[in-house]
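Trainee: Please choose a single part of this model and look at it closely with me. I would like to follow how that part is placed among its surroundings, in one connected account.

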Amino acid sequence: MDVLAVLNLGDYAQAFSKMGMFPVFDLAYYIVSILYLKYEPGSVEVSRRSPVASWLCAMLYCFGSYILADIMLGSSPLDYFQHNSHILLASAVWYLIFYCPLNLFYKCVAFLPVKLVLVGLKEVVRTRKIAAGVHHAHHAYHNGLFIMVIVGYVKGSGVALISNFEQLLRGVWRPETNEILNMSFPTKASLYGAILFTLQEAHWLPVSKSTLILVFTLFMATSKVAMTARHSHGSPFALIESWVCHLLFGSPLGGSEDDHHHPPAAAVPSSPLKTKEELSEGARKRKAKKAE
């Protein structure tokens, strides 16, 4: 704490935690979210064929976390759509990314140096959403620690947790991409962040909320910018997770148990499937033997 006092980190953290997100940080959040939507296979074709479906997908990418959290807390899923300025700003970003002449806006925001800045700003919003989700759940369920973690996790994960529903709006069904089964780094980090903010809210973590917001934001922004710059889809938690899973759940390092105890599929000879003619011929021969 003396070190924090010398560095005046508490003052910086307090000022940072009170900084407004609209419009600069929210704008960056909307740009990066809809940019990722455009990366999805078939999204451009959907925007030409059905602009309404494309707009709905964009709104889910921007506000899916609010919708899902409101449903879980018993509020209307349309509550956030009363914020006209946010909806109009996100809609303007959607239009420019998908319909700007010569794709100029898309090319500008997809330019790597610009994109890195936007990605860093987006993580500022993500951290605030996690903290706000935990705080909101704490007021509704004062002793519900698991509820606080779940709501904070949902607020930070965005559309990832309802990605399969969003895919249906685009006419795609890929259940193997379920975020619970294949958690990305932002989803994992949102879960860990929700746990930290819940512990802080319950006064089990001896640090102020503003300091935790600042430190977690720096971690998220640095990690995500570095991963984006290297075009990496890995996770900084991978090594720790592998050891913890090996210790608690018996999962071997570097693979699953099936990989170690079962021979590869190529080593097991497979019997060819029989055609209808072969099956009919076999049935005919069995009948002939019975007749004899």
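Mentor: Let us take helix H3, residues 24-39, whose buried residues pack against helix H4 (43-49), H5, H6, helix H7 (104-110), H8 and H10. The model is a predicted one, in which local features need pLDDT of at least 70 and side-chain atom pairs count only at pLDDT 80 or more, while totals for chains, interfaces and linings use all residues. Residues are numbered from 1 along each chain as its sequence is written, and side-chain values use heavy atoms, with hydrogens and water left out.

The setting is a protein chain with 15 helices and zero strands (DSSP runs numbered from the N terminus: helices H or I of at least four residues, strands E of at least two). Of its 292 residues, 38% are buried (under 20% relative accessible area with a 1.4 Å probe, protein chains only; over 50% is exposed, and between these a residue is partly exposed). Among contacts (heavy atoms within 4.5 Å) between residues at least 6 apart in sequence, 70% join residues at least 24 apart.

H3 itself has 16 residues, which at 1.5 Å a residue should span 22 Å (1.5 Å times one less than the number of residues), and its end C-alpha atoms are 23 Å apart, so the two values agree. Just ahead of the helix, Pro23 sits in the loop between H2 and H3, and the peptide bond that joins Phe22 to Pro23 is cis, with omega about 5 degrees.

Twelve of the 16 residues of H3 are buried, so that the helix is mostly covered. These buried residues are Phe25, Asp26, Ala28, Tyr29, Tyr30, Ile31, Val32, Ser33, Ile34, Leu35, Leu37 and Lys38, a list that includes the charged-named positions Asp26 and Lys38. Ile34 is a useful place to look further: leaving aside neighbours within four places in sequence, Ile34 is in contact with Ala58, Cys62, Ala90, Val93, Trp94, Ile97 and Phe98.

One of those partners, Val93, lies in helix H6 (residues 84-99). Val93 counts as buried because its relative accessibility is 3%. Although Val93 and Ile34 are 59 residues apart along the chain, their C-alpha atoms are separated by 7.6 Å. With neighbours within four places in sequence again left out, Val93 is in contact with Leu27, Tyr30, Ile31, Ile34 and Phe105.

The same region can be followed into the nonpolar core (a set of buried Ala, Val, Leu, Ile, Met, Phe, Trp, Tyr and Cys residues joined through side-chain atoms within 4.5 Å). The largest such core has 58 residues, and those with the most contacts inside it are Tyr30, Ile34, Phe63 and Phe197. The elements that give two or more residues to this core are helix H2 (9-17), H3, helix H5 (51-72), H6, helix H8 (112-140), helix H9 (145-157), helix H11 (185-201) and helix H12 (209-229). Among them H5 gives the most, with eleven residues.

Beyond H6, the chain passes through the loop between H6 and H7, where Leu102 lies. Leu102 has a positive phi of about 60 degrees although it is not a glycine, and with a relative accessible area of 68% Leu102 is exposed.
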